[in-house]
Amino acid sequence: MEYLVTMTTRVPGGTPAHDVENVRAREAAHTRDLAAQGRVLRLWRPPLEPGEWRSIGLFAADDADGVERTLASMPLRVWRTDEVTTLGPHPDDPGRGRVPLSESSQEFLVTLVVDVPYGTNAETLEEMTAREDDRARDPAGKGHLIRLWRLPGQGRSLGLWQAAGTRQMRDILRSLPLAEWLTGETVPLTRHPSDPASVQGPSVSSGSTV
């Protein structure tokens with residue numbers, strides 16, 4: 001299974017700088033080991049306010065206990081709190097490693113919620129859903145949709161996308177057949193220095209753990 005983890009680190013006041021650097025260095029080394037084991041798939045940084053220390057990771061584990069053991073093994077856990085979201089399989093997910101990362105594009109995490117208008121008949125819903133399924137395969141084929149998962153709750157999904165920038169990402173979402181029924185949140189990402197894809201170089205495909 002795959003898990004999205006938001007990791008927030010708060011270093012206690014008065015902690016010597018050399019202690020912080022020591023823990024960060026051990027964290028980076030341990031993250032490389034976890035990536036080699038297939039447990040850390042990707043790492044990003046979301047937009048941060050001054051003084052914030054936060055990252056987002058895509059992890060793989062057999063179950064919730066397994067991902068907790070992985071997180072507990074990381075040196076920064078002594079100062080960190082983790083928010084774990086279980087990601088369910090989505091039928092339109094291109095699949096791990098299928099869509100290559102583009103070095104000229106920016107990645108985005110997009111949470112989408114489908115709110116079907118009251119009174120929509122079953123035939124219209126089936127037609128719109130079929131069009132959406134076809135459209136999902138189109139951006140994946142064009143290299144925009146990297147991964148797609150189901151989120152807990154009715155009609156909720158999470159997509160990892162790449163685009164030339166915020167404007168193109170907005171245009172892609174507006175072109176979806178269900179756009180009028182969709183609400184959600186788009187988070188622009190930058191790669192974390194310990195992101196397995198960044199460490200291994202630009203030829204690596206999304207989700208590779210080699």
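A salt bridge is taken here as a side-chain nitrogen of Lys or Arg lying within 4 Å of a carboxyl oxygen of Asp or Glu. By this criterion, a search of the whole structure, which is a predicted model, yields twelve salt bridges.

One of these joins arginine 80 to glutamate 27, with the closest N and O atoms 3.2 Å apart. The two partners come from distant parts of the chain, since arginine 80 belongs to strand E4 and glutamate 27 to helix H1 (residues 17-36), and 53 residues separate them. Both ends of this pair are withdrawn from the surface under the cut-off of 20% relative accessible area: arginine 80 counts as buried because its relative accessibility is 6%, and glutamate 27 is likewise buried, with a relative accessible area of 8%.

A further salt bridge is formed between the side chains of aspartate 82 and arginine 77, at an N to O distance of 3.3 Å. Here the partners are partly exposed, aspartate 82 having a relative accessible area of 21% and arginine 77 one of 24%. The residues of these two pairs do not stand apart, for Glu27, Arg77, Arg80 and Asp82 are linked, together with Glu68, in a network of salt bridges.

The side chains of arginine 54 and glutamate 52 also meet in a salt bridge, at 3.9 Å from N to O. Arginine 54 is partly exposed, with a relative accessible area of 22%, and glutamate 52 is also partly exposed, with a value of 36%.

Another arginine, arginine 147, is located in strand E6, which spans residues 145-150. With a relative accessibility of 3%, arginine 147 counts as buried, and its side chain is joined to that of glutamate 2 by a polar contact of 2.7 Å.

Attention may then turn to the pockets. The second largest pocket has a volume of about 360 Å³. Its lining comprises 15 residues, of which Leu4, Thr6, Thr111, Glu185 and Val187 are the closest to the centre of the pocket. Two or more lining residues are contributed by each of strand E1 (2-9), strand E3 (54-60), strand E4 (80-89), strand E5 (106-114), strand E7 (156-163) and strand E8 (182-191). In chemical character, the lining of the second largest pocket consists of eight nonpolar, three polar and four charged residues.

Note on methods. Residues numbered from 1 in each chain as written. Predicted model: local features only at pLDDT ≥ 70, side-chain atom pairs only at ≥ 80, totals over all residues. Heavy atoms only, no water. Helix = DSSP H or I, 4+ residues; strand = E, 2+ residues; numbered from the N terminus. Buried < 20%, exposed > 50% of the residue type's maximum accessible area, 1.4 Å probe, protein only. Polar contact = N/O pair within 3.5 Å; in protein donor to acceptor, adjacent residues only side chain to side chain. 1 Å grid on protein atoms, 1.4 Å probe; cavity = no way out; pocket = protein on both sides within 12 Å on 5 of 7 lines; lining within 4 Å. Points joined across faces, edges and corners; volume = space filled by probe spheres on them. Nonpolar A, V, L, I, M, F, W, Y, C, P; charged D, E, K, R; others polar.
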